[in-house]
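The following exercises ask the reader to work through a structure step by step. Each task is followed by its solution.

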Amino acid sequence: YNLLEQDLEDLKAEYDEVESQRAILQKANDVLSKENKGTKNSHAGLKNENKKLRKAEKDSADLIKQLQTSVNKLRTQLNKAEKTNTDMKSWWRASMTSTSARFR
């Protein structure tokens with residue numbers, strides 16, 4: 001009986017020690033779990049921010065293409081207008097020359 005009583009006491013002591021360690025590990029696990037959740041939230045936030053930045057980058061690239069197209073169209077119109085202006089000046093000079101030649 002004394003041996004059983006001693007074994008019971010030893011088992012209780014071992015249980016108390018293991019339970020103490022389990023409680024410490026549980027607290028550490030809770031802290032790590034909270035940190036992990038925070039990290040996941042931070043990661044999700046960064047992914048969302050990255051997605052927004054990629055969209056802004058794409059929108060910016062699209063706008064640059066649109067502006068380049070507009071610049072090219074305006075350059076074409078300007079070249080046509082300059083040619084028309086040059087042609088009109090040439091016509092005016094020729095017209096003035098022929099008119100002054102008639103009055104001589």
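**Exercise 1.** In this predicted model, decide whether W91 is buried or exposed.

*Solution.* The relative accessibility of W91 is 51%. A residue counts as exposed when its value is over 50%, so W91 is exposed.

**Exercise 2.** Classify the aromatic pair formed by W91 and W92.

*Solution.* A pair of aromatic rings is described by the distance of the centres and the angle of the planes. A search of the whole structure yields one aromatic pair. In this pair, W91 and W92 lie 6.3 Å apart, centre to centre, with 50° between the planes. Planes under 30 degrees apart would count as stacked and those over 60 as edge-to-face; the pair of W91 and W92 is therefore tilted. W92 belongs to helix α1, residues 2-102. W91 and W92 also contribute, with M88 and M96, to a nonpolar surface patch of about 490 Å².

**Exercise 3.** Describe the salt bridge between R22 and E19, and state how exposed each residue is.

*Solution.* Side chains of opposite charge can pair when their charged atoms come close. The closest N and O atoms of R22 and E19 are 2.8 Å apart. About one helical turn separates R22 and E19, because they are three residues apart in helix α1. R22 is partly exposed at 43% relative accessibility, and E19 is partly exposed at 27%.

**Exercise 4.** Which residue forms a salt bridge with K58?

*Solution.* The structure contains four salt bridges. K58 pairs with D62, and their closest N and O atoms are 2.9 Å apart. K58 is exposed at 52%, whereas D62 is partly exposed at 29%.

Conventions:
Residues numbered from 1 in each chain as written. Predicted model: local features only at pLDDT ≥ 70, side-chain atom pairs only at ≥ 80, totals over all residues. Heavy atoms only, no water. Phe/Tyr/Trp six-rings, centres within 6.5 Å; stacked < 30°, edge-to-face > 60°. Buried < 20%, exposed > 50% of the residue type's maximum accessible area, 1.4 Å probe, protein only. Patch = residues over 30% accessible without salt bridge, like charges linked within 9 Å, V, L, I, M, F, W, Y side chains within 5 Å. Areas by Shrake-Rupley, 256 points an atom, 1.4 Å probe, with all protein chains shown as cover. Salt bridge = Lys/Arg side-chain N within 4 Å of Asp/Glu carboxyl O. Helix = DSSP H or I, 4+ residues; strand = E, 2+ residues; numbered from the N terminus.
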